[in-house]
Amino acid sequence: MIKDIDNKLLGRREVVVRFAIQGPTPSRKQVMSMLTSALNVTEDRVVIREIKQAYVETAIVVTANVYNDVSTLKRVEYGHYLKRFEEKKQGQQAPTQEAK
């Protein structure tokens, strides 16, 4: 963990985490699972702001916000991050509905 700031005013933790990886930059979904397991939080409270990997580096730096609850996340985050969050939710639910 590079940085962990507790922002009580906005009801969130602002974290910057470094992960060692092998191969190409992982997808947002893979980064989300790595981040949630490292921080012991659920995916519905996390918003990934940025994933950086320098050329030929074997590490990524992830900037994310971890909210105290989902209602605070929806009240505070920018619209395009919420849209990305909702699309992720719908994408996970769609295959299960089609399988029925």
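How many helices and strands make up the secondary structure of the protein? The answer is three helices and four strands. Keep in mind as you look around that this is a predicted model. Following the chain from the N terminus, you meet the elements in the order β-β-α-β-β-α-α. The protein has 100 residues, and buried ones make up 31% of them. Its accessible surface comes to about 6700 Å², with 51% of that belonging to carbon and sulfur atoms. The chain also brings distant stretches into contact: among contacts with a separation of 6 or more, 53% are between residues 24 or more positions apart.

Let us start with the sheet. The four strands form an open sheet, and their order across it is S1-S2-S4-S3, with antiparallel pairing. At the edges sit strand S1 (3-7) and strand S3 (46-52), each of which pairs on one side only. From one strand to the next, the twist averages 20 degrees. As a general point, strands of a sheet pair through backbone hydrogen bonds, either parallel or antiparallel.

Now turn to strand S4, which spans residues 59-67. S4 is mostly covered, since seven of its nine residues are buried. On one side, S4 is joined to S2 by nine bridges, the two strands running antiparallel. To find a spot along this pairing, look for Val16, which stands opposite Thr63 in S4. S4 also pairs with S3 in the antiparallel sense, here over six bridges. Two places help you trace that second pairing: Ile51 has Val62 of S4 as its bridge partner, and Val47 stands opposite Asn65 in S4. S3 and S4 together form a hairpin, with six residues between them. In the turn of this hairpin, Val56 has a positive phi of about 65 degrees.

What packs on the sheet? For that, look at how S3 and S4, paired antiparallel over six bridges, meet a helix. Helix H1 (residues 28-39) packs on the sheet and touches strand S2 (12-20), S3 and S4. The direction of H1 makes about 115 degrees with that of S3.

With the framework in view, we can move to the charged side chains. In general, side chains of opposite charge can pair when their charged atoms come close. How many salt bridges does the protein have? The count comes to five. One of them joins the side chains of Arg13 and Asp4, at 2.9 Å from N to O. Both partners are partly exposed, because their relative accessible areas of 25% for Arg13 and 41% for Asp4 lie between the limits of 20% and 50%.

Another salt bridge joins Glu14 and Arg12, also with a distance of 2.9 Å, N to O. Is Arg12 buried or exposed? Arg12 counts as buried because its relative accessibility is 13%, and the cut-off for burial is under 20%. Glu14, at 22%, counts as partly exposed.

Arg12 has a further partner, Glu77, and the side chains of these two meet in a salt bridge of 3.7 Å, N to O. This pair links distant parts of the chain: Arg12 lies in strand S2 and Glu77 in the loop between H2 and H3, 65 residues apart. Arg12 and Glu77 are both buried. Arg12, Glu14 and Glu77 also belong, with Arg49, to a network of linked salt bridges.

Glu77 makes a good last stop. Where is Glu77 placed? You will find Glu77 in the loop between helix H2 (70-76) and helix H3 (79-99). Glu77 counts as buried because its relative accessible area is 7%. Besides the salt bridge with Arg12, the side chain of Glu77 makes a polar contact of 2.5 Å with the side chain of Tyr67. A second polar contact, of 3.0 Å, joins the side chains of Glu77 and Asn65. Asn65 is the residue in S4 that Val47 stands opposite. Leaving aside neighbours within four places in sequence, Glu77 is in contact with Arg12, Val47, Arg49, Asn65, Tyr67 and Leu82.

Notes: Residues numbered from 1 in each chain as written. Predicted model: local features only at pLDDT ≥ 70, side-chain atom pairs only at ≥ 80, totals over all residues. Heavy atoms only, no water. Buried < 20%, exposed > 50% of the residue type's maximum accessible area, 1.4 Å probe, protein only. Contact = heavy atoms within 4.5 Å. Areas by Shrake-Rupley, 256 points an atom, 1.4 Å probe, with all protein chains shown as cover. Polar contact = N/O pair within 3.5 Å; in protein donor to acceptor, adjacent residues only side chain to side chain. Pairing = 2+ DSSP bridges. Axes fitted to C-alpha atoms, helices over the stretch in contact; angles between N-to-C directions. Salt bridge = Lys/Arg side-chain N within 4 Å of Asp/Glu carboxyl O.
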